[in-house]
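Grab a coffee and work through these exercises on holes, pockets and packing. Each one has a task and then a worked solution.

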Amino acid sequence: MGDLTTERSNPTGAAPVLVASNRGPVSFGTADDGTLTLRRGGGGLVSGLSAIDDPDAVWVCAALSDADRRAAREAPDGRLDRAGHDVGGQAVRMLGIDPETFARAYNGIANSTLWFVHHLLWNTPTAPVFDAGFRTEWEAYTAYNTAFAEALAAEAAPGAAVLVQDYHLSLVPALLRAARPDLRIGHFSHTPWAPPEYLRLLPDDIAEAVLTGILGADRAGFLTRRWALAFADCCERYLGADVDREALTVTYAGRTTALGVHGLGADADFLRERAHRPDVDERLATLRATVGDRRTVVRVDRTELSKNIVRGFLAYRHLLRTRPEWHDRVVHIAFAYPSRTDLAEYRAYTDQVRALAAEIEAEFGTPDWRPLVLHVDDDFPRSLAAYRLADVALVNPIRDGMNLVAKEVPVVSDQGCALVLSREAGAHAELGQDALSVNPYDIVATAEALHAGLTMPAGERADRCKRLAAAATALPPQQWFLDQLNALRPGG
């Protein structure tokens, strides 16, 4: 991959602002005639980057598919914008990392190790196992992070601001600082952060590498103060770093890293406009025909282990078993989008979700009443229709960095909805006062919260929903991004 330090004496790039993330703003496919087809992505990062009014800003991302790798290979230095691709007016450098290296880094380390440790997901009697195979995966993760650091060093103008995103790229800040000490570097964690006693499950040298990697940044950003303090606790415990919890700083090896808290909010204007387009209205009519005049409990998640869909279904079943007055009077609408289907644990979890839904249907369903409507596929307009229809939104993750669904439903709701919200979701810090808070492991208490939401007076539900929507949109994606960028600049 070359010597990263060669960039140190010749920073030839022109980009004053750079973003680095595993997934970029565009992806590619292959048409029947063999030509590349381009699809633009969405989400908070794409919306946030649009706030940069600078034609020289660059987004560095990884190629995720064979078609992506072909596009990166055919573009000069991976620069899609220079190859004539319509990438939305942005400059995008896509890295065609070797597929085997990428798979080991992405699945083996990012999604099966770092995601698991930060979400407290391991079944510790059998996992994790840090063997020779794990070390091979870690080497790939290091190579993957090095490729990003090299690309950023090559693209960055002197003194540029670089915003590195998430657990996929935890080593990049330190690697980039070694190559380009002139840069202002930020790292943002979109996940929770593990407490010290759980982070210590990682091999000592790996935990140290992750912590010192992020401490290579001038600022380390988190979605809540809770996650920022957990990171600081880990730095203090395992590195002996000096932590100032009031000022939110970590000082280690002669450098101080500021910790920032930026609670990413929902994009209200986009959601409200998108939720009233004809395709959403059509899906809403279909849902209403299915539901009739019954109440609705709505959940929208990826089939991700941390989202806690199975316990949510168990709580709904407990509600129906213990409160028969809800028979034929409520429908649970559950949309679970496939997630990480190349990992066995996720395939098994999706199967469990389907099986439990079928059991509930068999136990309570009648010819005239479907107590639970499950769809395991991705349909954003249908999700928005469900948001509009919801009487109660159920968001009960085991652990979540933020959870934007909890913020989106109140924004889109037609009549106002009650929010049953796990206290382990980052969003709880902002929404807990007007939500019905639950311990995500407590099935009985979650069932009682569903009952409380379903019986909440319409006026109270509407008032709470208005306050939830206001809190949920306090820091929309563009401002969220600009706040971090401005904090990186001199005097920020």
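Helices and strands here are DSSP runs, numbered from the N terminus. Keep in mind that this is a predicted model.

**Exercise 1.** Find out which strands and which helix each supply at least two residues to the lining of the largest cavity.

*Solution.*
- Step 1: start with the count, which is 2 cavities of 30 Å³ or more.
- Step 2: the largest cavity holds about 60 Å³ of space.
- Step 3: list its lining, which is Leu163, Val164, Gln165, Gly186, His187, Phe188, Arg219, Gly221, Gln484 and Leu488.
- Step 4: match these to elements, and you get strands S6 (156-165), S7 (184-189) and S8 (219-222), plus helix H18 (477-488), each with at least two lining residues.
- Step 5: sort the lining by class, which gives 4 nonpolar, 5 polar and 1 charged.

**Exercise 2.** Work out how the lining of the second largest cavity divides by class.

*Solution.*
- Step 1: the space in this one is about 30 Å³.
- Step 2: around the second largest cavity sit Val298, Arg299, Val300, Tyr387, Ala393, Leu394, Val395, Val405 and Val409.
- Step 3: strand S12 (295-302), strand S15 (392-395) and helix H14 (405-412) give two or more residues each to that lining.
- Step 4: tally the classes for the second largest cavity, and there are 8 nonpolar, no polar and 1 charged.

**Exercise 3.** Describe the second largest pocket and say which element gives the largest share of its lining.

*Solution.*
- Step 1: its volume comes to about 320 Å³.
- Step 2: of the 18 lining residues, Ser112, Phe116, Trp122, Ala127 and Glu345 lie nearest the centre of the second largest pocket.
- Step 3: helices H3 (99-118) and H4 give two or more residues each to this lining, and H3 has the largest share with 4 residues.
- Step 4: by class, the lining of the second largest pocket splits into 9 nonpolar, 6 polar and 3 charged.

**Exercise 4.** Is Arg382 buried or exposed?

*Solution.*
- Step 1: place Arg382 in helix H13 (residues 380-389).
- Step 2: the cut-off for buried is under 20% relative accessible area.
- Step 3: Arg382 counts as buried because its relative accessibility is 10%.
- Step 4: look at its company; leaving out residues up to four places away in sequence, Arg382 touches Arg283, Leu287, Phe335, His375 and Asp377.

**Exercise 5.** Which residues touch the most other members of the largest nonpolar core?

*Solution.*
- Step 1: the core has 169 residues, and Leu80, Phe148, Trp193, Phe231, Phe313, Ile333 and Leu419 touch the most other members.
- Step 2: helix H4 (residues 132-155) gives the most to this core, with 9 residues.
- Step 3: zoom in on Phe313; not counting residues up to four places away in sequence, its contacts include Arg299, His332, Val353 and Leu374.

Note on methods. Residues are numbered from 1 along each chain as its sequence is written. This is a predicted model: local features need pLDDT of at least 70, side-chain atom pairs count only at pLDDT 80 or more; totals for chains, interfaces and linings use all residues. Side-chain values use heavy atoms; hydrogens and water are left out. Buried means under 20% relative accessible area, exposed over 50%, partly exposed in between (1.4 Å probe, protein chains only). Contact means heavy atoms within 4.5 Å. On a 1 Å grid over the protein atoms alone, a cavity is a set of points where a 1.4 Å probe fits but cannot get out, and a pocket is an open set with protein on both sides within 12 Å along at least five of seven lines; lining residues have an atom within 4 Å of a point. Grid points are joined across faces, edges and corners, and a volume is the space filled by probe spheres set on the points. Ala, Val, Leu, Ile, Met, Phe, Trp, Tyr, Cys and Pro count as nonpolar, Asp, Glu, Lys and Arg as charged, and the others, Gly among them, as polar. A nonpolar core is a set of buried Ala, Val, Leu, Ile, Met, Phe, Trp, Tyr and Cys residues joined through side-chain atoms within 4.5 Å.
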